[in-house]
2 protein chains.
Amino acid sequence: MVPKAAKEEAIQNHLLAGITPEELARLLPNLQPVTLELGKVLYESGEKMDYVYFPTTAIISLLYIMENGSTAEIGVVGNDGMVGIAIFMGGDTTPNRAVVQSAGKTFKMKAALMKDEFTRGGRFHNFCLRYTQALITQISQTAVCNRLHSVDQQLCRWLLLSHDRLPSNRLIMTQDLIANMLGVRREGITHAARRLQKAGYISYVRGDMTILDRTGLETGVCECYQVVRTEYDRLLG
Amino acid sequence: MVPKAAKEEAIQNHLLAGITPEELARLLPNLQPVTLELGKVLYESGEKMDYVYFPTTAIISLLYIMENGSTAEIGVVGNDGMVGIAIFMGGDTTPNRAVVQSAGKTFKMKAALMKDEFTRGGRFHNFCLRYTQALITQISQTAVCNRLHSVDQQLCRWLLLSHDRLPSNRLIMTQDLIANMLGVRREGITHAARRLQKAGYISYVRGDMTILDRTGLETGVCECYQVVRTEYDRLLG
DNA sequence: GAATGTCTGTGTGTTGACGCACATATAGGC
DNA sequence: GCCTATATGTGCGTCAACACACAGACATTC
């Protein structure tokens with residue numbers, strides 16, 4: 001039996017909300033709710049993926065880890081999508097780490113079941129592919145932004161992308177961790193965050209950040225944010 | 001009738017070379033050979049794609065164009081892949097421009113025929129998806145490289161990625177154009193290229209560059225190149 | 001061979017981000 | 001309350017890349 005509450009919770013994830021009732025009915029018994037703590041690693045680079053994850057309130061960051069240990073984020077996944085696209089794309093692994101950026105809930109499903117449902121075709125298949133294209137846009141825009149924009153702009157972009165995937169205005173995260181995500185120095189984030197706080201857009205105390213004025217953040221962001229946002233809406237809206 | 005010569009030429013493209021004989025036989029009558037000049041734009045950002053392109057000797061660059069006109073490359077496609085993945089991913093467009101970086105030959109095919117063959121499933125379907133995953137890795141690594149590495153390292157990476165997709169050691173391309181691809185200043189490329197020439201790795205005269213010592217370039221490159229190379233081999237090798 | 005346009009080399013000053021060092025502030029355990 | 005670990009603020013020297021300016025080299029055209 002599938003309790004109705006599980007369905008209500010599952011469709012907080014936009015992909016699960018968008019598929020047909022028949023598809024959802026097939027998937028629901030296989031979706032296991034999991035609560036993820038900050039910092040939990042879902043996949044290690046090159047590691048075979050056993051599960052696909054559909055976040056509802058958690059946010060997952062996709063990171064590349066350099067040989068010297070420095071890191072850079074290539075994309076972020078929340079209730080807009082799924083973690084583990086390599087499972088149906090055919091590669092089974094990626095050279096990235098998937099790590100929990102904001103604690104919360106997800107549903108996980110066995111990789112084999114994911115492949116089965118994907119190969120049935122149908123709307124689920126199409127949704128997975130369209131989501132993948134949206135993710136490609138996000139990664140592309142990260143590349144562009146890393147090349148051409150300032151740390152200030154990138155912090156705004158990152159905060160807005162996170163906020164879009166967050167159930168509240170609070171983000172539990174130290175400046176040191178944000179710096180690791182963006183691949184910049186911790187001091188760089190301190191400077192940028194102070195400016196945003198002085199402007200009244202955010203407030204923060206020791207790893208507890210609150211977004212006070214989204215519109216303000218949007219004035220400080222580069223065009224990259226809107227490009228990604230528009231593309232997600234176009235492909236999955 | 002499909003002349004045998006056309007088949008010989010088509011399978012210079014690795015995707016076309018890897019699919020089943022039946023699939024190739026179905027596609028061949030629909031593949032039109034096209035010779036592309038340097039600078040030719042295949043798709044504009046947001047423009048509906050009418051054709052998918054399978055390069056054999058040409059190289060296509062995927063660029064993002066900022067509102068202020070500055071540009072940055074997010075990926076490069078040669079005989080290893082195809083241009084126009086948005087056609088089968090379902091989005092039909094992308095926010096990027098596809099422009100010819102190195103003149104040469106491609107085969108093009110109507111978007112509708114591409115979709116038909118893709119939805120048949122089979123090895124072609126799987127190859128398209130695996131190629132897409134490889135491209136994601138390339139874009140991801142571009143993001144990482146843009147964040148963490150020097151112009152010198154990035155030029156080496158770019159030259160090696162291009163050389164892998166080139167039928168010869170010659171690359172017809174001015175420093176100004178390379179700068180636009182990498183999203184850096186022309187002078188930055190001048191400096192980096194001079195160092196590589198002094199080291200004997202390359203030689204160049206007014207937009208005519210020759211790669212003399214690949215192994216040398218590999219000593220100057222960051223790990224990003226090898227990550228991408230390995231992933232292409234794993235997924236499509 | 002003169003004129004023009006394009007490509008490459010070089011200099012100067014500026015700036016954004018880095019690396020390092022250390023000061024201050026808060027939370028939590030004992 | 002004290003201690004320690006962690007988080008944030010700040011200063012300073014360095015450096016890579018930037019913007020701008022212009023000189024020289026080569027190619028093409030007439």
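**Notebook: DNA strand C, the chain pairing and D50(A)**

I began with DNA strand C and found 17 residues surrounding it, the closest being S150(A), R185(A), G188(A), T174(B) and Q175(B). Worth keeping in mind as I go: this is a predicted model.

Next I asked which elements give two or more residues to the surface near DNA strand C. Chain A offers α9 (186-198), and chain B offers α8 (175-182) and α9 (186-198). I noted that α9(B) supplies the largest share of this surface, with four residues. Sorting the residues near DNA strand C by character, I got seven charged, six polar and four nonpolar.

Then I turned to the protein chains. How many residues of chain A are in contact with chain B? I found 33 residues of chain A in contact with 33 residues of chain B. On the side of chain A that touches chain B, the elements giving two or more residues are β5 (71-77), α4 (86-89), α6 (122-148) and α11 (223-236). The largest share there belongs to α6(A), which brings 15 residues. By character, I split this side of chain A into 15 nonpolar, 13 polar and five charged residues.

Last, I looked up a single residue, D50(A). I located D50(A) in the loop that runs between β2 (41-43) and β3 (51-55) of chain A. Why is D50(A) partly exposed? I counted 14 other C-beta atoms within 10 Å of D50(A), so this residue is partly exposed: the buried class needs 20 or more, and the exposed class 12 or fewer. I also checked D50(A) against L113(A): they sit 63 residues apart along the chain, and their C-alpha atoms are separated by 10 Å.

Key. Residues are numbered from 1 along each chain as its sequence is written. Chains are lettered from A and ligands numbered from 1 in the order in which they are written. This is a predicted model: local features need pLDDT of at least 70, side-chain atom pairs count only at pLDDT 80 or more; totals for chains, interfaces and linings use all residues. A residue is near a molecule or strand if its C-beta atom, placed from the backbone, lies within 6 Å of it. Ala, Val, Leu, Ile, Met, Phe, Trp, Tyr, Cys and Pro count as nonpolar, Asp, Glu, Lys and Arg as charged, and the others, Gly among them, as polar. Two residues are in contact if their C-beta atoms, placed from the backbone, lie within 7 Å.
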